[in-house]
Structure formats: structure tokens, C-alpha cells
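I opened the model to look up how its helices pack and what sits in the loops. My notes follow.

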Amino acid sequence: MLKKIADFDNRVSVYWTNRHFSPKVDRWLKFFVRLGDGYIWALFVLFIIWRVGFDNFLPILWQALMALAMSLVIYEVVKLNTKRPRPFAANPQIKAEVPPLDKYSFPSGHTMNNLAVASAVTFIVPQYGWVMLLLPLTWGLLRVYFGVHWLTDIVCGFLLGILSFVLGHLLWIAIF
């Protein structure tokens with residue numbers, strides 16, 4: 001079963017990383033995918049404070065931080081126990097076109113951590129959070145396109161991000 005998953009991931013990665021858009025589009029996509037490193041959240045914070053007010057923002061912030069804390073714990077445990085090599089390290093046909101943040105690939109921390117935060121925001125202010133749910137998924141898929149993640153890293157990062165939010169939310173309910 002794991003071999004079939006690895007073969008599938010390899011086929012997807014080789015296909016995606018060897019079919020690029022124009023250089024101009026790729027430059028824009030590289031800029032966009034780097035927003036997943038956390039840079040765009042400052043703008044979302046300002047936007048949400050502007051829309052809901054600072055007092056209503058604080059519960060959103062605390063729940064997002066709890067979800068993020070859960071995500072970081074799960075991420076470290078899973079990543080350090082699986083130690084899955086990144087696509088560019090496992091297959092010479094694949095080149096990393098954006099910098100990876102660490103050595104191992106599984107799960108996608110970008111997808112997982114960003115989705116945990118986005119899920120918390122969406123739960124509390126769904127009228128603004130839905131955009132935030134799309135971003136981790138697109139960033140994750142672009143990280144496959146740029147050769148630093150396998151597709152299953154993104155899928156599992158997505159699922160673990162939701163789990164992180166649920167666990168963080170349950171902890172929030174238990175404490176408050």
C-alpha cells in the first residue's frame with residue numbers, strides 16, 4: 001500500500017514539476033506561495049480587527065493560537081517520526097524551485113499550520129474565513145508544483161490542520 005502511494009506521489013510530482021507556466025506566471029506563483037510562510041496573516045489580522053473590532057478579535061486570536069499550538073505539536077511528532085524525504089531529494093527529475101523550511105516532507109507544515117489557523121477564523125467569522133481556507137490548499141498544491149512536497153503531504157497536512165483546529169477548539173471549550 002505504501003509503495004502504491006509513493007509511486008502515485010512520484011508520478012504526480014514528476015508530471016507537475018515538469019510542466020510550468022510562463023516565467024512571468026511562475027515568478028508570481030513563487031511570490032504567492034511564499035505568502036504561506038505567514039506573511040499574509042498580518043493583513044488578515046488588520047482586516048478582521050477593522051471588520052469586527054479589537055474586542056471581538058481577541059477570542060478569534062486565542063482560538064487561532066490554540067489551534068496553531070496543537071498543529072505545531074502534531075507536526076513535530078509526525079514529521080520527526082516519519083522523516084519522509086522531499087521530492088527533490090528522492091527523485092533527480094524533480095527540482096526544488098522554492099526553499100523548503102526543513103529537511104523532511106511529511107506532512108506539509110504550510111498546509112497544516114495555515115489551515116489550523118484558517119479553520120479557527122472560519123469557525124468564528126465564516127463570512128471572512130472562507131478565503132483563508134482556500135489559501136492553505138492553493139499554497140500546498142503550489143509546493144507540489146515547485147517540487148518541495150508530495151501530493152499526499154498536502155492531503156494529510158489538510159486533514160491534520162482540521163484535526164488541530166478541532167483539538168484546539170475542544171481545549172478552548174474545556175478551559176473557557
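**Helix α8: burial and packing**

I began with the buried residues of α8, which are Leu151, Thr152, Asp153, Ile154, Gly157, Leu160, Gly161, Ser164, Phe165, Gly168, His169 and Trp172. I note here that this is a predicted model.

Next I asked which helices the buried residues of α8 pack against. I found α1 (2-17), α4 (54-82), α6 (109-124) and α7.

Then I checked the length of α8. The helix covers residues 151-175, which is 25 residues. From first C-alpha to last it reaches 36 Å, close to the 36 Å expected at 1.5 Å a residue.

**α6 against α8**

I took α6 as the partner to examine. The axes of α6 and α8 come within 7 Å and cross at roughly 45 degrees. That angle makes α6 oblique to α8. I logged the crossing as right-handed.

I listed the residues that make this contact. From α6 they are Thr111, Met112, Leu115, Ala116, Ser119, Ala120 and Phe123. From α8 they are Ile154, Gly157, Phe158, Leu160, Gly161, Ile162, Ser164, Phe165 and His169. I sorted them by class and got 10 nonpolar, six polar and no charged residues.

**Helix α4 and the residue after it**

I moved on to α4. How far apart are its end C-alpha atoms? They are 41 Å apart, which agrees with the 42 Å that 29 residues should span at 1.5 Å a residue.

The buried residues of α4 are Phe57, Ile60, Gln63, Ala64, Met66, Ala67, Ser71, Ile74, Tyr75 and Lys79. Among the elements that cover them I noted α3, α6 and α8.

Just after α4 I stopped at Lys83, where phi is positive at about 50 degrees. I flagged the value since this residue is not a glycine. Lys83 sits in the loop between α4 and α5. Is Lys83 buried, exposed or partly exposed? I read a relative accessible area of 46%, so Lys83 is partly exposed.

**The loop between α5 and α6**

I followed the chain into the loop between α5 (87-90) and α6, where Ser105 lies. Ser105 has a relative accessible area of 0%, so I marked this residue as buried; the cut-off is under 20%.

What does Ser105 touch? Leaving out residues up to four places away in sequence, I found Lys79, Arg84, Pro85, Arg86, Pro87, His149, Trp150 and Asp153. Two of these names were already in my notes: Lys79 is on the buried list of α4, and Asp153 is on the buried list of α8.

Pro107 is in this loop too, between α5 and α6. I checked the peptide bond from Phe106 to Pro107 and found it cis, with omega near -10 degrees.

**α7 and its partners α2 and α3**

I turned to α7 (residues 126-145) and its crossing with α2 (residues 23-34). The two axes come within 10 Å and cross at roughly 125 degrees. That makes α2 oblique to α7. I noted a left-handed crossing.

On the α2 side the contact uses Asp26, Leu29, Phe32 and Val33. On the α7 side I found Leu135, Thr138, Trp139, Leu142, Arg143 and Tyr145. The classes are seven nonpolar, one polar and two charged.

How is α3 (residues 41-52) placed against α7? Their axes come within 11 Å and cross at roughly 170 degrees. The cut-off is over 145 degrees, so α3 and α7 are roughly antiparallel.

Trp41, Phe44, Phe47, Ile48, Arg51 and Val52 of α3 meet Tyr128, Val131, Met132, Leu135 and Trp139 of α7. By class I have 10 nonpolar, no polar and one charged. Leu135 and Trp139 also appear in the contact with α2.

**Val33 in α2**

I finished on Val33, which is in helix α2. Its relative accessible area is 0%, so Val33 is buried. Setting aside neighbours within four places in sequence, I found Val33 in contact with Val98, Trp139, Leu142, Arg143 and Phe146.

My last lookup was a distance to Asp153, which lies 120 residues from Val33 along the chain. The C-alpha atoms of Val33 and Asp153 are separated by 16 Å.

Note on methods
Residues are numbered from 1 along each chain as its sequence is written. This is a predicted model: local features need pLDDT of at least 70, side-chain atom pairs count only at pLDDT 80 or more; totals for chains, interfaces and linings use all residues. Side-chain values use heavy atoms; hydrogens and water are left out. Axes are lines fitted to C-alpha atoms, for helices over the stretch in contact, and angles run from 0 to 180 degrees between N-to-C directions. Helices (H or I, at least four residues) and strands (E, at least two) are DSSP runs, numbered from the N terminus. Angles under 35 degrees count as roughly parallel, over 145 as roughly antiparallel, 65 to 115 as roughly perpendicular and the rest as oblique. A crossing is left-handed if the near helix is turned anticlockwise from the far one by less than a right angle, and right-handed if clockwise. Contact means heavy atoms within 4.5 Å. Ala, Val, Leu, Ile, Met, Phe, Trp, Tyr, Cys and Pro count as nonpolar, Asp, Glu, Lys and Arg as charged, and the others, Gly among them, as polar. The expected span of a helix is 1.5 Å times one less than its number of residues. Buried means under 20% relative accessible area, exposed over 50%, partly exposed in between (1.4 Å probe, protein chains only).
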